[in-house]
Amino acid sequence: MKNIDLAVIGAGPAGLTAAIEASKYGVKTLVIDENSQPGGQLFKQIHKFFGSKEQMAGIRGNQIGKTLFESAKNHHVEIKLDAQVIGINKDNILTYIKDEKYSEIKARKIILSCGATEKPLSFPGWTLPGIMGAGAAQTLVNINKVVPGKKVLMVGSGNVGLIVSYHLLQAGIKVVAIIDVAQQVKGYDVHAAKIKRAGIPIILGFTINRAIGNDHVEKVELVEVDSNFKKIPDTQVLLDIDTVCLAVGLSPSVELAQILGCKLHYNAKLGGYIPIIDQNMQTSVDNIYAVGDMTGIEEASVAMEEGRLAGLVCADDLGCYTNKIDLQKEIANIRSRLSDLRKDTTNLSSKTLIDAPGIPSFEALNQKPLAVIECMQPIPCNPCEKSCPFGAITIGKSICNLPVLDTEKCRGCSTCIACCPGLAIFLVDMNYTNTTALVKIPYEFYPLPKLGMIVNCLNREGIIITTGHIRSITTAQKYNKTYIVGVEIDKSFAMDVRNIRM
């Protein structure tokens, strides 16, 4: 039987970060994951992440996964893929299967990073082919390069539903609508804004009444619900679709924690039953830690900080981290970042276009080209502040603060446009000519427009309001596959045009 210092179960962002942090100090670490590649959900997430530099904000999820994997290898972390842990006993002996062979290892400490699974939604016809979890559709498109359907209905307006809908659009798939039983969008405003600018309706207060089809789903019948989520009679609506994606929540995967006898408690806000953990991520069982989505459904940035904390604590407990003063400082920094990432901003109302601190006045816009930051909801994110070479954007100590634009310092360089994970920054040049303005927008679709092309111009609701000429298409390595497209339009539309359609 092999003996190791630390076993990490799950090679997602939390597990890999924990392994890297512990291995930095000489902890002999093994990571086991049932998937064929490490990174958990990261490898199918092609959007840029929120958070701060410590969580690699502004970098796409699949790139973060590769970076963590390479870092783990560089720190001599042993990683076993296509290996499934099937049991752990009270002596910390793990049994796993790989290549149809059973193996056992004994670990001094174990970090559980088992992730979460998609929640289902049952309704008449829900077993028809073409009805799947949003994560499954994301895997088909971004990993397997397979189109799940041509006309998709997304159920759920949380971040998963909004993000996967955007990914489907990037794959050339028509998203007919996003529906939700709630009366307001559950995900970030900036994600919803991208969807609306693309012309996809978000229908609130509706659910699926039934799915219709023979050998696959062909139609869905929607029905309106009241404030108690009860179906309202005679409100049915039929939609022609061939795919339904369900983004109705995630359930923490706590099976291994249960086998070990870890105490659980129920937290509806965090997804269901989760292990009880202390401030160091330790469960109720000695030497067993839990991190990531299995401790509650949160952002990947939170998962990485939890993993970092657990890895440090394990290194200390194993006698590998000898400088106690540095240790306490680092732990305090991690806890501070976690507090920032978890800051409750639900009671802080979103700003409007008029009072958002990142939107210049008309007087300022008439003087020179300026960034227009349409980020109006407090969320943990600060890449725009870090990207500005002139210090024109300020977030402040809390990364949940709204960005403030200093119009005196802004040079209209456009760097912040491509660095914004929410694609919520634009540039407006009101004086491109005597009668026209130039609006620069972030663009992440193929094929790209061509210089001189006449395109339809859409407003924030995805409605065509005018036409314009493509005058510039800019990219750079630091833009990380986000293009900046400049479209010339009549001046009167400068503060309304926010997307183009060829």
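Q: Hi! Where does D82 lie?
A: Hello! D82 lies in the loop between β3 and β4 (83–88). Helices (H or I, at least four residues) and strands (E, at least two) are DSSP runs, numbered from the N terminus.

Q: Is this model predicted, and how are residues numbered?
A: This is a predicted model, where local features need pLDDT of at least 70 and side-chain atom pairs count only at pLDDT 80 or more, while totals for chains, interfaces and linings use all residues. Residues are numbered from 1 along each chain as its sequence is written, and side-chain values use heavy atoms, with hydrogens and water left out.

Q: Back to D82, what is its phi?
A: Phi of D82 is near 55°, a positive value in a residue other than glycine. D82 is partly exposed, with a relative accessible area of 44%. Buried means under 20% relative accessible area, exposed over 50%, and partly exposed in between (1.4 Å probe, protein chains only).

Q: And what about N287, where is that found?
A: N287 is in the loop between β18 (272–275) and β19 (288–290). N287 also has a positive phi, about 70°, although it is not a glycine. At 28% relative accessibility, N287 counts as partly exposed.

Q: New topic: which residues does a cis peptide bond join?
A: Y446 and P447, with omega about 0°. P447 sits in the loop between β24 (436–443) and β25.

Q: Where does N459 lie?
A: N459 is in the loop between β25 (454–458) and β26 (464–474).

Q: Does N459 count as buried or exposed, and why?
A: N459 counts as buried because its relative accessibility is 17%.

Q: What does N459 touch?
A: Not counting residues up to four places away in sequence, N459 touches R197, I465, D496 and R498. Contact here means heavy atoms within 4.5 Å. In addition, a polar atom of the N459 side chain lies 2.9 Å from the backbone nitrogen of E461.

Q: Let's try helices. How many residues of α1 are buried?
A: Eleven of the eleven residues in helix α1 (residues 13–23) are buried, so the helix is mostly covered. Those buried residues pack against β1 (2–9), β2 (29–32), α2 (61–74), β3 (78–80), β6 (101–112) and α7 (300–317).

Q: How do α4 and α5 cross?
A: The axes of α4 (residues 159–170) and α5 (residues 189–197) come within 9 Å and cross at roughly 35°. Axes are lines fitted to C-alpha atoms, for helices over the stretch in contact, and angles run from 0 to 180 degrees between N-to-C directions.

Q: Which residues meet there?
A: From α4, N159, L162, I163, S165, Y166 and L169 meet H191, A192, K194 and I195 in α5.

Q: Which residues have the most contacts inside the largest nonpolar core?
A: L168 and V487, and that core has 71 residues. A nonpolar core is a set of buried Ala, Val, Leu, Ile, Met, Phe, Trp, Tyr and Cys residues joined through side-chain atoms within 4.5 Å. A second, separate core of 40 residues includes V77, L312, C314 and I399.

Q: Last one: where is V217 found?
A: V217 is in strand β13 (residues 217–224). V217 is buried, with a relative accessible area of 0%. Leaving aside neighbours within four places in sequence, the contacts of V217 include L128, P129 and I241.

Conventions:
A polar contact is a pair of N or O atoms within 3.5 Å; within protein, one must be able to donate a hydrogen and the other to accept it, and residues adjacent in sequence count only if both atoms are side-chain atoms.
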